[in-house]
Amino acid sequence: MTRSLPLNALHVFDVAASELSFARAADRLFVTHGAVSRQIRSLEDALGLPLFERRNRAVFLTPAGERLHATTRQMFEHLAATVASLQPPPSARTLVVSCEPTLAMRWLIPRLGTFANTHPDIALHLHSAGGPLDLASAGVDVAIRRNDFFWGHSLSAETLADEWIGPVGLPAMFETSPAPQLHTRTRPNAWQDWQRAMRSARQPIFATRPGTPPFEHFYLSLQAAGAGLGAAIGSVYMVSDELNAGRLIAPFGFVRDGSAYVALTREPLVADSPSRALVDWLRAELAASAARWTVDKVALDTR
């Protein structure tokens, strides 16, 4: 075959093959699910064979897809390493930060101005990504993650805040019972986790009924709650601004679900470093966001 393959389609394929999800690949690439599907289809057409099997709303690599992914993974890793080696050394006060997408969009980005005012000598370069990450090859200084996966033994981790979860929605969703449940594939056990935590805290649990099919991403379920489609389990940090503005309510407050957010770094943090300044600021800001809405301060006041 002499026909050249489109580099962009190969990149999209590599990300989709790594995630085994077109939706998560779209999140990483900041494009739509349809755009990912079209690039994969164009690559399959160019090769004349399927690269993914689509079964039960999930995708799996075909044998041909696995062989191609082994090559593209190595190719793009080498490309990233070469490009990184060509760049001038970053400023000593520049931090590259990787943050989970929903936390980045709904909590961190609205507060970056506050960090810039507090630490004008530190420039943050924000990447949006979730799950495992090779900090060295990605050139990331600090990764903000929820501790729901194993990140290996080579990274240093500092806890930033416990995760607090609870049902959120428009006021009308809680005026009549039962409210429709909104689910997400990225946190499929969120409602069960909340119910278990509420029983442990001896708190009441309200009745719900099945809602729409699961949304692909946690962010989308929260958007759906804000649109009045039902009640979603939200993280206190990701909805605190909307709670404070009165756009959403959380009539049962929030409880710990047993997980936490952590800051991952290649080496233990040292005093007076930009990474230490960021981690200390993150910890304080997360605590402030959760203070009003935890279960011992139940959000019955929804002003």
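**Notes on a predicted model: loops, a pocket and a cavity**

1. Leu20 is partly exposed, because its relative accessible area of 39% falls between the 20% and 50% cut-offs. The model is a predicted one, and Leu20 is a good place to start reading it. Leu20 sits in the loop between α1 (7-19) and α2. Its backbone deserves a look. Phi of Leu20 is positive, about 50°, although the residue is not a glycine. Most residues other than glycine have a negative phi.

2. Asp272 belongs beside Leu20 on the checklist. Its phi is also positive, near 65°, and Asp272 is not a glycine either. Asp272 is placed in the loop between β10 and α11 (274-290). Is Asp272 buried or exposed? Asp272 counts as exposed, because its relative accessibility is 73% and the exposed class begins over 50%.

3. Now the chain as a whole. The secondary structure comes to 11 helices and 10 strands. The chain has 303 residues, and buried residues make up 45% of them. About 15500 Å² is exposed by the chain. Carbon and sulfur atoms supply 55% of that area. Contacts reach far along the sequence. Of the contacts with a separation of 6 or more, 75% join residues 24 or more positions apart.

4. Next, helix α5. Seven of its eight residues are buried, so α5 is largely enclosed by the rest of the structure. The buried residues are Pro101, Thr102, Leu103, Ala104, Arg106, Trp107 and Leu108. Note that Arg106 is on that list. Arginine is classed as charged. Helix α5 (101-108) also has a part in a pocket, since at least two of its residues belong to the lining of the second largest pocket.

5. That pocket comes next. The second largest pocket holds about 500 Å³ of space. Its lining has 20 residues. Which of them lie nearest the centre of the pocket? They are Arg24, Gly130, Gly131, Thr186 and His217. Helix α2 (22-29), like α5, supplies at least two lining residues. By class, the lining of this pocket has nine charged, six nonpolar and five polar residues.

6. A closed space is present too. How many cavities of 30 Å³ or more does a search of the whole structure find? The search finds one. The largest cavity has about 50 Å³ of space. Helices α8 (190-200) and α9 and strand β9 (231-235) each give two or more residues to its lining. The full lining is Leu182, His183, Thr184, Arg187, Pro188, Ala190, Trp191, Phe218, Ser221, Ala232 and Ile233. Seven of these residues are nonpolar, three are polar and one is charged.

7. Two lining residues of the cavity, Leu182 and His183, turn up again in other points. Gln181 is in strand β7 (residues 179-182). The side chain of Gln181 makes a polar contact, at 2.8 Å, with the side chain of His183. Gln181 counts as buried, because its relative accessibility is 13% and the cut-off is 20%.

8. Leu182 has a link to helix α9. Leu220 lies in that helix (residues 218-226). Leu220 and Leu182 are 38 residues apart along the chain, and their C-alpha atoms are separated by 9.7 Å. Leu220 is partly exposed, because its relative accessible area is 38%, between the 20% and 50% limits.

9. Thr94 is a strand residue with partners elsewhere in the sequence. Thr94 is found in β3 (residues 94-99). What does Thr94 touch, leaving aside residues up to four places away in sequence? Thr94 touches Ala123, His125 and Asp141. At 16% relative accessibility, Thr94 counts as buried.

10. Last, a loop residue that is out of reach of the probe. Phe254 lies in the loop between α10 (236-245) and β10 (255-265). Is Phe254 buried or exposed? Phe254 counts as buried, because its relative accessibility is 0%. The C-alpha atoms of Phe254 and Ser235 are separated by 8.0 Å, although the two residues are 19 apart along the chain. Compare the loop residue Asp272, which counts as exposed at 73%.

How values were computed. Residues numbered from 1 in each chain as written. Predicted model: local features only at pLDDT ≥ 70, side-chain atom pairs only at ≥ 80, totals over all residues. Heavy atoms only, no water. Helix = DSSP H or I, 4+ residues; strand = E, 2+ residues; numbered from the N terminus. Buried < 20%, exposed > 50% of the residue type's maximum accessible area, 1.4 Å probe, protein only. Polar contact = N/O pair within 3.5 Å; in protein donor to acceptor, adjacent residues only side chain to side chain. 1 Å grid on protein atoms, 1.4 Å probe; cavity = no way out; pocket = protein on both sides within 12 Å on 5 of 7 lines; lining within 4 Å. Points joined across faces, edges and corners; volume = space filled by probe spheres on them. Contact = heavy atoms within 4.5 Å. Areas by Shrake-Rupley, 256 points an atom, 1.4 Å probe, with all protein chains shown as cover.
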